[in-house]
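Q: Could you take a close look at the salt bridges here? I'd like to know which residues pair up and how buried or exposed they are.

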Amino acid sequence: MPRSPSSPAFWRSPLRGPWFTSVLGVVLLGGITVLFVTGLVSYAAYNPNLSPVNDMTPDKGLLGFYLFSWPTNPPWLYRLNQGVHVTLGITLIPVLLAKLWSVVPKLFTLPPVRSLAHGLERISLLLLVGGALFEFTTGVLNVQLDYIFPGSFYPLHFYGAWVFFAAFVVHAVLRVPMALRNLRHLRDEEQGPPTEDELVAPDPDPPTVSRRGALGFVGGGSLVLFATTVGRNFDEPLRETAVLVPHGGPEPGSGPGGFQINKTAEAVGIDMRETSGETWRLVVEGRGRTVRLSRDELLKLPLHSAALPIACVEGWSTSDQWWRGVRLRDLAALVGYEEGTAPDVLVESLQRHGAFRHAALRYNQVRDPRSLLALFANGEDLTPDHGYPARIIVPAAPGVLNTKWVARMTFGEL
């Protein structure tokens, strides 16, 4: 028995072959393309060119192209985008692992480079494998709220995505024609084109399952992950099926404040003495003016209501909650901005630490009549964990831009 992985006889599984690999590759071709597009859309939702406050990817250069201000309609836009991005990413994990297993002999092929095209393929393959493992691993850890990265998740996932997708495109250009030819051999599970014979074991072990059976096993694994993840994008009882993610299962607690959060007031260092009616004041600035308002004074302003969800980058979302508070554009009017002229705003929180204790909103978000400085949720005062005494709620905005425990709002061009 050869002991070197560079020997074709070292790999004896009868399942490996060009048809099996090609089927997995075509699935990943479509799935990863959707993942990349929804990832870029998620990046755009942060309005990264609005202010350095929102941009978590420094020195991004041409990779950070920015085409439009993030819209507020439909209000469930970010919820849909992140639901697709995260659920599809988790669902594709068995397909990715099976694909990597099916081509692992190629990583040990000698000589390492046979031609320029072969050299490009090998380099793209190394970047593809490394990038895929990195992107899927960091994505799953972020979904699970395990922030154990050697730096911020945002730039790591952003730059990793570009490296991975560049290698993915090169690899696809080189391999898709051959993959399509292999799929024409759909009825022939025993052999493939001669140019792909390095994937076929020269002395295979006896088969215990067919290639179609192996694909069924991979598909079954993806189906299980889909079924135990997708529910967190919906209300009960479907939410209770999302057993593999932190924001699945029943609603936390009961009553008007019984809906999901990422971080509690205690976890981010909110001192309840600072949020009391005697102490807390909202500072509103703009055009050289400053207005300070207690919560009681805010309650005397015209109050409006909006039914809006909360959706986070981790892919979880709530159903529509009923929010009531002061419109952002009305707060802009307090410092001299006339109807329809409200500008961008920088929102600052009492939060002691965390990447988004400051957040900026674009003028179209400020002017939307559903964008509120919310004081109530579902007919009751905000709970401390939901942002009491006041929080931002904006249609279609990522959850982290709906700042909680608001202390200061500065209107102006950012």
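A: Here is a walk through three of the pairs, with a stop at each partner's exposure. Keep in mind that this is a predicted model. The structure holds seven salt bridges in total.

Let's start with Asp271 and Arg273, whose side chains meet in a salt bridge at 2.8 Å, N to O. Asp271 has 26% relative accessibility, so it counts as partly exposed. Its partner Arg273 counts as exposed because its relative accessibility is 64%.

Next up is Asp381, which forms a salt bridge with Arg295; here the closest N and O atoms are 3.7 Å apart. This pair ties together distant parts of the chain: Asp381 sits in strand 8 (residues 380-381) and Arg295 in helix 7 (residues 295-299), 86 residues apart. Asp381 has a relative accessible area of 40%, so it is partly exposed. Arg295, on the other hand, is buried, because its relative accessible area is 9% and the cut-off for buried is under 20%.

Then there's Asp344 with Arg362, a salt bridge whose closest N and O atoms lie 3.4 Å apart. This one is also a link between distant parts of the chain, 18 residues apart. Asp344 is in the loop between helix 8 (328-334) and strand 5 (345-349), while Arg362 is in the loop between strand 6 (358-361) and helix 9 (363-367). Both Asp344 and Arg362 are buried.

Terms used:
Residues numbered from 1 in each chain as written. Predicted model: local features only at pLDDT ≥ 70, side-chain atom pairs only at ≥ 80, totals over all residues. Heavy atoms only, no water. Salt bridge = Lys/Arg side-chain N within 4 Å of Asp/Glu carboxyl O. Buried < 20%, exposed > 50% of the residue type's maximum accessible area, 1.4 Å probe, protein only. Helix = DSSP H or I, 4+ residues; strand = E, 2+ residues; numbered from the N terminus.
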